[in-house]
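Please look over the sequence and the model below before reading on. The paragraphs that follow explain selected side chains and how they are placed.

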Amino acid sequence: MASTIAVSALEGGIEAYVTRMVETFNHQPSGMAAARRDLGLLCDFLHQRGLSQLSAEGLLQFFATLRRERANQPASLNRKISSIKSYLRYLRLRQVEGAQ
């Protein structure tokens with residue numbers, strides 16, 4: 001069975017993640033602000049679609065929407081993918097249910 005993570009869990013950890021990355025790992029605040037926007041876009045997308053869980057299919061739909069409707073170029077898509085992957089790894093380390 002594929003793993004899913006609750007949208008509330010996604011939203012609930014964003015600020016702690018950004019703070020941890022800046023304070024502990026010395027990530028640039030500007031880069032983490034971009035990651036915060038990317039994660040916010042994902043959460044907004046899920047809410048607009050009436051989805052309460054993030055799944056692999058939901059991620060694929062999100063990326064397709066970014067490419068089609070927002071006309072994101074490959075570099076922008078790659079940054080968003082990287083932001084989301086990093087955040088999901090953080091949630092996995094925090095042992096958030098569904099973040100496998």
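What follows goes through aromatic pairs, then a serine, and then a loop residue.

The model is predicted, and a search of the whole structure finds 5 aromatic pairs in it. One of these is formed by Y17 and Y90, whose rings are tilted with respect to each other, at 5.2 Å centre to centre and with 55 degrees between the planes. Because Y17 belongs to helix α2 and Y90 to helix α5, this pair ties together parts that are 73 residues apart in sequence. Y17 counts as buried, since its relative accessibility is 2%, and Y90 is buried as well, with a relative accessible area of 11%.

Y90 also pairs with Y87, and here the rings are stacked, with 6.3 Å centre to centre and 20 degrees between the planes. Both Y87 and Y90 lie in helix α5, where 3 residues, or about one turn of the helix, separate them. Y87 is buried, its relative accessible area being 1%, and together Y17, Y87 and Y90 form one aromatic cluster.

Helix α5, which spans residues 74-93, also holds S83. S83 counts as buried because its relative accessibility is 10%, which is under the 20% limit. Leaving aside residues up to four places away in sequence, S83 touches Y17, A35, D38 and L39.

Is Q28 buried or exposed? Q28 sits in the loop between α2 (14-23) and α3 (29-48), and it counts as exposed because its relative accessibility of 55% is over the 50% limit. The C-alpha atoms of Q28 and L91, which are 63 residues apart along the chain, are separated by 20 Å.

How values were computed. Residues numbered from 1 in each chain as written. Predicted model: local features only at pLDDT ≥ 70, side-chain atom pairs only at ≥ 80, totals over all residues. Heavy atoms only, no water. Helix = DSSP H or I, 4+ residues; strand = E, 2+ residues; numbered from the N terminus. Buried < 20%, exposed > 50% of the residue type's maximum accessible area, 1.4 Å probe, protein only. Contact = heavy atoms within 4.5 Å. Phe/Tyr/Trp six-rings, centres within 6.5 Å; stacked < 30°, edge-to-face > 60°.
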